[in-house]
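Here are my notes for someone opening this model for the first time. Have it on screen while you read, and go through the points in order.

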Amino acid sequence: MSQHPDRPSDHASSHAADRASSHASNPPSGSPWMYIAGFVISIALTLGALWLALARQFSTEALLTVILILAILQIGVQMFFFMHVTESPRPQFNLWILGLGMFFTFVVIASSIWIMSFGGALGY
Amino acid sequence: MPTLLPHFPATFIVTGNPLIYGAEVSIVLATVGILFVLTYFKKWRWLWREWLTTVDHKKIAVMYLIAALLMFFRGGVDAMLMRTQLMQPNMHFLQAEHYNQIFTTHGTIMILFMAMPFIFAMFNIAVPLQIGARDVAFPYLNAVSFWLYFFAALLFNLSFVIGGSPDAGWVSYPPLAGLEFDPGPGENFYLLSLQITGIGSMATGINFMVTILKMRAPGMTLMRMPLFSWSVLASSILIIFAFPVLTVALALLLVDRLAGAHFFTMLQGGNPMMYVNLFWIWGHPEVYIVILPAFGIFSEVVSTFSGKRIFGYSSMVASLMTISVISYLLWVHHFYTMGAGPGVNSFFAVATMSVGIPTGVKVFNWLFTMYRGRIRLTVPMLWAIAFIPIFAIGGATGVMLAAAPADYQYHNSFFLIAHFHQVLIGGTVFGMLAGMYYWWPKMFGYMLNERIGRWAFWLFNGGFYVTFLPQYLLGLMGMTRRMYTYPADMGWNALNFISTIGAYVMGVGFIVLVLDVVYSIRYGERDVTGDPWNGRTLEWSLPSPAPHYNFARIPTVTSRDAWWTGKQARAKGDAPAPPEPLQPIHMPKNSGGPFILAVIFFIGGFGLVFNWYVLGLLALLGILVNLLLRSLDYDTDYYVPIEEIEHTEATLRRA
Ligand code: HEM
Ligand SMILES: [Cu+2]
């Protein structure tokens with residue numbers, strides 16, 4: 001527990017870590033409404049993307065762009081409402097891992113678009 | 001029945017094949033036998049209290065190890081069947097359909113139900129002890145991971161006798177794996193059991209990342225951490241970022257199959273190639289997920305049995321971390337032939353070749369560690385040394401495959417088969433066997449027999465070359481993978497025959513390995529010191545097996561190879577610091593929750609395999625209730641009193 005000088009008695013701390021996110025050490029700021037709001041917004045963003053794809057009102061490029069924007073918004077919602085990015089007391093590791101996660105997400109999406117467009121040979 | 005269980009297939013129990021009848025009879029007999037033994041010896045309570053409800057990482061490690069060895073056996077039998085069928089041209093040992101099922105289950109079992117639990121066994125036994133922790137960060141979740149894996153493996157293996165095995169390859173590409181060409185429940189077994197075990201793997205990745213980042217003993221900075229723990233960190237990062245993609249790919253295919261969606265069909269605007277892309281975004285990191293811990297074990301073993309600290313520690317760490325990032329960026333090399341274009345293929349070809357650089361650094365560091373070391377050729381060390389030439393060849397052929405234009409020739413030939421067995425067996429399997437021999441005394445308190453272990457090693461290692469080197473040539477001669485038989489005039493007969501003989505030798509090697517375990521259970525040398533190998537890292541400072549709370553006092557670490565430097569100082573006559581007073585130890589309570597949760601997952605998965613949505617929904621409800629009950633349960637931990645610690649320590653050290 002080198003990272004938790006503030007909980008000295010808690011050597012095994014298995015329990016503490018198991019519960020850290022719920023109530024043992026960091027009391028969550030706020031009520032279930034935060035979560036419900038996040039949940040509803042996420043669903044709305046997802047259904048929005050689905051509807052746009054089914055409705056086919058835009059050209060492929062425009063559609064991709066709009067869906068990507070909705071996706072980025074949703075990442076923000078998840079980070080803020082569920083992952084509590086803003087509340088971590090010691091963010092060093094979190095920032096590294098978050099950065100790596102963003103990088104991998106970018107790679108997966110950008111390369112998949114690159115790969116699956118087959119050099120423009122495959123029109124959607 | 002009809003309303004509750006629509007689509008009840010006429011062929012629920014698989015029939016019509018002597019092998020399967022044999023399996024059905026033996027499954028029934030084995031089940032009855034196990035139930036009888038448990039009841040007769042009144043072991044039910046013991047089983048429940050000591051194993052099924054445990055949250056102790058050391059016991060979970062033992063269960064992972066047993067499961068991995070069992071699955072190794074099942075996958076190995078599949079391999080023997082395939083090699084027997086290919087021994088000679090025009091064999092009629094297996095039908096085409098049956099061969100398809102066997103190569104599918106072989107690949108899936110070896111990767112997901114053998115290699116994964118094997119690395120998790122090593123994670124669990126070594127990481128908390130090496131970093132001076134009393135358990136993993138989330139012990140309850142750790143048990144959830146294990147039981148999800150266990151019941152997923154059960155679900156997958158059940159397909160052999162109920163419903164029929166999957167048969168679209170371990171990659172399960174649509175359209176072949178889609179409803180149109182594969183209507184039976186076999187593919188559903190594949191999809192659902194992989195989903196369930198995938199949840200468990202993801203949780204394990206998170207668990208060990210948090211454990212390593214947050215629960216190191218005071219003074220153990222990251223740059224003092226043993227290399228095995230570093231490799232687990234690298235592997236966990238890959239798990240966390242790769243497995244979600246597999247989940248998505250499998251879920252979309254499942255929706256296609258169960259609900260008639262068209263993500264991966266050719267009609268209705270779907271595109272099966274997207275599945276291939278998603279599968280390998282997971283699939284390539286997956287091979288590094290299983291090889292990195294093996295690298296970590298080789299580092300521990302080579303340094304211990306050379307009597308030297310590892311050469312180039314920081315470059316070892318740097319290459320592990322580099323590999324874990326680069327290996328995420330290579331996946332297209334599995335489908336160059338899909339034809340995404342020269343730009344895409346060249347980019348991924350160059351990226352793929354570049355991963356050879358950090359890997360090469362590691363190989364040289366192991367060699368330099370051995371150089372002028374005082375080498376002890378124990379069984380773990382034999383596996384580690386034998387790994388190096390095999391991995392060198394496997395790496396070289398890998399770079400050949402990475403050259404995109406050339407790969408149009410090699411792809412899906414036996415050249416590829418030889419390549420990946422070379423790295424998976426020579427790397428992961430050798431690494432896990434090295435780790436098993438190395439940590440066995442820590443897990444069980446006695447050593448595995450070295451003499452029998454050597455026999456197993458030489459048979460398996462020798463058989464390996466005989467099996468797989470001819471397959472390179474067969475590949476170059478045009479033999480493609482997944483063909484169930486071949487005509488006599490291709491010039492392939494001799495090489496195939498040799499390869500099959502080699503496979504039998506490996507099979508004998510495996511049997512000798514099992515004999516070693518059985519023999520050592522009775523006659524194995526007791527490990528009374530807790531440090532049988534003259535080790536360097538903290539796990540060897542504890543008695544074998546370690547008490548359930550691991551460390552009576554959490555050690556304070558002042559250097560790399562902490563246990564070794566401590567021993568050196570004591571040998572020089574430095575008196576050890578007087579022990580601090582004991583304190584009550586805070587530990588998690590056992591719980592039946594994880595086991596029950598996994599049983600419900602199993603039931604739900606089984607229901608969905610046969611499109612029994614009612615069962616699926618009931619199970620979903622059960623899962624939610626289980627999770628809810630757990631989050632309302634506050635009675636999850638207790639303190640081990642000082643007297644009990646004193647007593648335990650006295651008994652253990654007295655031995
Ligand atoms: C006794 C050792 C083994 C032998 C003799 C063996 C043999 C074979 C054979 C004959 C095939 C099928 C070739 C074909 O496509 O027709 C195969 C495929 C495969 N093996 Fe092994 N194998 C062994 C161990 C392993 C291990 C330890 C792993 C993984 C850790 C593994 C992973 C795979 C995979 C992923 C495939 C591809 C399955 C597919 O194409 O669907 N094998 N093996
Ligand atoms: Cu790959």
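**Notes on the model**

1. Let's begin with a proline in a loop. Pro555(B) sits in the loop of chain B that runs between helix H16 (493-523) and helix H17 (562-571). Despite the loop setting, Pro555(B) counts as buried, because its relative accessible area is 19% and the cut-off for buried is under 20%. Keep in mind throughout that this is a predicted model.

2. Which residues does Pro555(B) touch, leaving aside its neighbours within four places in sequence? They are Ala217(B), Pro218(B) and Leu538(B). If you want a sense of distance, take Tyr438(B): from C-alpha to C-alpha, Pro555(B) is 23 Å away from it in space, and the two are 117 residues apart in sequence.

3. The same loop has another proline to look at. Pro545(B) also lies between H16 and H17 of chain B, and the peptide bond leading into it from Ser544(B) is cis, with omega near -15°. A second cis bond joins Pro174(B) to Pro175(B), where omega is near 5°. Pro175(B) belongs to the loop between helix H5 (139-158) and helix H6 (186-214) of chain B.

4. Stay in that H5–H6 loop for a moment, as Ser172(B) is found there too. Ser172(B) is not a glycine, yet its phi is positive, near 50°. Lys42(B) is another non-glycine residue with a positive phi, of about 50°, and its place is the loop between helix H1 (18-40) and helix H2 (44-52) of chain B. Is each one buried or exposed? Ser172(B) is buried, at 0% relative accessibility, whereas Lys42(B) is exposed, at 72%.

5. Now the iron. Two protein residues donate to the iron atom of ligand 1, His106(B) and His421(B), each through NE2, at 1.9 to 2.2 Å. The iron has 6 donor atoms, with angles of 87 to 179° among them, and the site is octahedral. His106(B) is in helix H4 (residues 96-131) and His421(B) in helix H14 (residues 414-444) of chain B, so the pair ties together parts 315 residues apart in sequence. Both His106(B) and His421(B) are buried.

6. The copper ion (ligand 2) has its own set of histidines: His284(B) through ND1, and His333(B) and His334(B) through NE2, at 1.8 to 2.0 Å. In sequence, these donors follow the spacing H-x48-H-H. His284(B) is in helix H8 (residues 272-306) and His334(B) in the loop between helix H9 (313-326) and helix H10 (342-354), a separation of 50 residues that links distant parts of chain B. His284(B) is buried at 5% relative accessible area, while His334(B), at 21%, is partly exposed.

7. Have a look at how H14(B) sits against H16(B). Their axes are 13 Å apart and the packing angle is about 15°, so the two helices are roughly parallel. The crossing is left-handed. Among the residues that meet there are Leu433(B), Met436(B) and Trp440(B) from H14(B), with Met506(B), Leu513(B) and Val517(B) from H16(B).

8. Last, chain A. How many helices and strands does chain A have? The count is 4 helices and 0 strands, running α-α-α-α from the N terminus. Of its 124 residues, 29% are buried. Taking contacts in chain A between residues at least 6 apart in sequence, 53% join residues at least 24 apart.

Terms used. Residues numbered from 1 in each chain as written. Chains lettered and ligands numbered in written order. Predicted model: local features only at pLDDT ≥ 70, side-chain atom pairs only at ≥ 80, totals over all residues. Heavy atoms only, no water. Donors = N, O, S within 2.8 Å, 3.2 Å for Na, K, Ca; no water. Buried < 20%, exposed > 50% of the residue type's maximum accessible area, 1.4 Å probe, protein only. Tetrahedral: all angles 85-135°; square planar, octahedral: opposite > 155°, others 65-115°. Contact = heavy atoms within 4.5 Å. Axes fitted to C-alpha atoms, helices over the stretch in contact; angles between N-to-C directions. Parallel < 35°, antiparallel > 145°, perpendicular 65-115°, else oblique. Left-handed = near helix turned anticlockwise from the far one by under 90°.
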